[in-house]
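Reader: Got a minute to walk through this one with me?

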Amino acid sequence: MGRLLIYLGMLFIVAGLVIIVLGRIGVPLGHLPGDITYRGKNVSLFAPIGTSILLSVLLSLVLYVIVRLLR
């Protein structure tokens, strides 16, 4: 259980660094086509659908490569 927590922590650190680097090179995560933003009088809604799809595809590819390397 301890190793799992360490690996998850390292994964979060790497993911945070990737998001920071992508933001600095001009990839607007959170502002991609398909992200829905609505601002009304008393309500604000943000649904990052495009960003979620992109991150899902990228994480699926990364996990696929990791599983293939561990076999």
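Author: Sure, we can take the first helix, then the pocket, then the surface. Keep in mind that this is a predicted model.

Reader: How far apart are the end C-alpha atoms of helix H1?

Author: They are 33 Å apart. H1 covers residues 2-24, which is 23 residues. At 1.5 Å a residue the helix should span 33 Å, so the two values agree.

Reader: And which residue takes a positive phi just after H1?

Author: Gly-26, with a phi of about 105°.

Reader: Pockets next. How much space lies in the largest pocket?

Author: About 610 Å³. It has 19 lining residues, and Leu-11, Val-14, Ala-15, Leu-59 and Val-62 are the closest to its centre.

Reader: Which elements give two or more residues to that lining?

Author: H1 and helix H2, residues 49-70. H1 gives the most, with ten residues.

Reader: How do the lining residues divide into nonpolar, polar and charged?

Author: The lining has 19 nonpolar residues, no polar ones and no charged ones.

Reader: Now the outside. Which residues make the nonpolar surface patch?

Author: Ile-36, Ile-49, Ile-53, Leu-54, Leu-55, Val-57, Leu-58 and Leu-61. The patch is about 670 Å².

Reader: Which element gives the largest share?

Author: H2, with seven residues.

Reader: Where does Ile-36 sit?

Author: In strand E1, residues 35-39.

Terms used: Residues numbered from 1 in each chain as written. Predicted model: local features only at pLDDT ≥ 70, side-chain atom pairs only at ≥ 80, totals over all residues. Heavy atoms only, no water. Helix = DSSP H or I, 4+ residues; strand = E, 2+ residues; numbered from the N terminus. Expected span 1.5 Å × (residues − 1). 1 Å grid on protein atoms, 1.4 Å probe; cavity = no way out; pocket = protein on both sides within 12 Å on 5 of 7 lines; lining within 4 Å. Points joined across faces, edges and corners; volume = space filled by probe spheres on them. Nonpolar A, V, L, I, M, F, W, Y, C, P; charged D, E, K, R; others polar. Patch = residues over 30% accessible without salt bridge, like charges linked within 9 Å, V, L, I, M, F, W, Y side chains within 5 Å. Areas by Shrake-Rupley, 256 points an atom, 1.4 Å probe, with all protein chains shown as cover. Salt bridge = Lys/Arg side-chain N within 4 Å of Asp/Glu carboxyl O.
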